[in-house]
Protein chains: 2
Amino acid sequence: MRFTSQTSSDGVTERHFTLDEIPGVLWTPEGARGIRPLILLGHGGRQHKTAPHITSRARRYATEGFAVVAIDAPNHGDRPQDEEFGRIAARMRAGMAAGENPSELVAGMHGYLARQAVADWQTVLTAVQHLDQVGAGPVGYCGTSMGCGLGIPLISAEPRIRAAVLGLLGVHGLAEDAARITVPVQFLVQWDDQMVPRDQSLALFDALASPEKTLQANPGKHGDVPPYEVDSSLRFFARHLN
Amino acid sequence: MRFTSQTSSDGVTERHFTLDEIPGVLWTPEGARGIRPLILLGHGGRQHKTAPHITSRARRYATEGFAVVAIDAPNHGDRPQDEEFGRIAARMRAGMAAGENPSELVAGMHGYLARQAVADWQTVLTAVQHLDQVGAGPVGYCGTSMGCGLGIPLISAEPRIRAAVLGLLGVHGLAEDAARITVPVQFLVQWDDQMVPRDQSLALFDALASPEKTLQANPGKHGDVPPYEVDSSLRFFARHLN
């Protein structure tokens, strides 16, 4: 794990790193020492590890004492794009233009990325938990849209993750992994989501095996999640990871 | 407004009162003086103003600085039952036994009670806001199941109510009043509610005209709302009434 920059402001230290070929960012409370709960932040499709809503959420969590890590998903952000991804992305765009079922096209893309993404997160998690200011404390995952599509295979495979905020995605391609998830989940739905049919969102919530799960639905389109859901997620993680 | 008893414990003062023929309870922080936000608590069917979940919720809100008032709904708790109520209740039981649509039967009962309940709440609200330790501050309403069925007509008629926690009820008989409600709403749904069909719950959430509304759904039956929803409602009221 090679740290390439470190800055601190408003009580939060932000350190960029690369681990193998994975570029990432770690946020911790300034001057943090010793074990603390860790939250993994998964970004959305065509976004990257320092998209504004990722950075602001990470800083909010770190202000409350959490360590937070975000990485670029495969073929996203500072990572190179491979040929197969290019073919799948072109196929997805063409399919959408031709009126094919977008849920199926999106699920195909997520399925392709998930194998690498799960391995990346597991590598990063192990490395970050070796840092003095993080340690092997409880771990949460937060990701919606593509962050949910890659998060569900991760959580189903990774027993270190004990609570998750997910959502803004339908059940397509995810039912089996979702049925293996039993940790507490907060699941976000945008009631007027133009990209995810409501019944498919509700079906993904249904598919989660977690005895404790809360669906939180707000009016508005895919990108209109209200800011108070960040506070709600913070209290959820505080309840389960502290 | 005639106070009939007063006790204080754990920092909360509980005072029973009658106003006209309405029996009620007022909870305030012990030693409270001056204006504070007020929450009206509406109980469920066949319950009363000091049902355990009402009392514990009221004390929790009062501990955080709110004034809280609960009253017996018409024909409930310490209030006499009228003949018409007896006929409607008998008709409801018979209809349910005969397999009639329970949503319709319940809506008929709520419709009968609502006229009196709305007038009762408005009288009590005016009187409570004249008390020194409450005053004319911002007002919220919290009621699910029958508390939602009587609350929706109340909120649609009462501009002093600025935020509401509702739910555990379907749209039957409530669509018109719901369409007049524009204040922020937290709307609870029990995902496996044996008394309220899921699609009718979602339709009532849809019918609310509030630009800010959040549907919060948890697994389990009608009575299984998880305890963290009380905390969530508290933060919701704090956000909108403080």
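These are my notebook entries on helix α1, the cysteines, the aromatic rings and the A–B interface of a predicted model.

**Helix α1, chain A**

I started with helix α1(A), residues 52-63. I wanted to check its length against its residue count. At 1.5 Å a residue, 12 residues should span 16 Å, and the end C-alpha atoms are 16 Å apart, so the two agree.

Next I looked up which residues of the helix are buried. They are Ile54(A), Thr55(A), Arg57(A), Ala58(A), Arg59(A), Tyr61(A) and Ala62(A). I noted that two arginines, Arg57(A) and Arg59(A), are on that list.

After the helix comes Gly65(A). I read its phi as positive, near 105°.

**Cysteines**

I searched every chain for disulfides and got a count of zero. I then looked at Cys148(A), which is in no disulfide. Its nearest cysteine sulfur belongs to Cys142(A), 10 Å away. The cut-off for a disulfide is 2.5 Å between sulfurs, so a pair at 10 Å does not count. Cys148(A) is buried, at 0% relative accessible area.

I repeated the lookup in chain B. Cys148(B) is in no disulfide either, and the sulfur of Cys142(B), the nearest one, is 10 Å away. Cys148(B) is buried, with a relative accessible area of 0%.

**Aromatic rings**

I counted 14 aromatic pairs over all chains. I picked out Trp121(A) and Tyr141(A). Their ring centres are 6.1 Å apart and their planes stand at 85°, so I logged the pair as edge-to-face. The pair links distant parts of the chain, 20 residues apart. Trp121(A) is in helix α3 (residues 102-128), and Tyr141(A) is in strand β6 (residues 139-143). I found both residues buried.

I also noted a cluster. Ring pairs link Tyr61(A), Phe66(A), Phe236(A) and Phe237(A). Tyr61(A) is one of the buried residues of α1(A).

**Charges over rings**

Within chain B, I found the charged end of Arg198(B) over the ring of Trp191(B), 3.8 Å from its centre. Another case involves both chains: Arg239(B) lies over the face of Tyr228(A), at 4.0 Å from the ring centre.

**Interface between A and B**

Last, I looked at where the chains meet. I found 18 residues of chain A in contact with 18 residues of chain B. The buried area is about 1,600 Å², and carbon and sulfur atoms give 56% of it.

Which residues of chain A lose the most area to chain B? They are Trp191(A), Tyr228(A) and Arg235(A), together 33% of what that side buries. Tyr228(A) is also the residue whose ring lies under Arg239(B).

Key:
Residues are numbered from 1 along each chain as its sequence is written. Chains are lettered from A and ligands numbered from 1 in the order in which they are written. This is a predicted model: local features need pLDDT of at least 70, side-chain atom pairs count only at pLDDT 80 or more; totals for chains, interfaces and linings use all residues. Side-chain values use heavy atoms; hydrogens and water are left out. Helices (H or I, at least four residues) and strands (E, at least two) are DSSP runs, numbered from the N terminus. The expected span of a helix is 1.5 Å times one less than its number of residues. Buried means under 20% relative accessible area, exposed over 50%, partly exposed in between (1.4 Å probe, protein chains only). Rings of Phe, Tyr and Trp (its six-membered ring) pair if their centres lie within 6.5 Å; planes under 30 degrees apart count as stacked, over 60 as edge-to-face and the rest as tilted. A charge sits over a ring if NZ of Lys or CZ of Arg is within 6 Å of the ring centre and within 35 degrees of the ring normal. Contact means heavy atoms within 4.5 Å. Buried area is the accessible area (1.4 Å probe) that two parts lose on being put together, summed over both.
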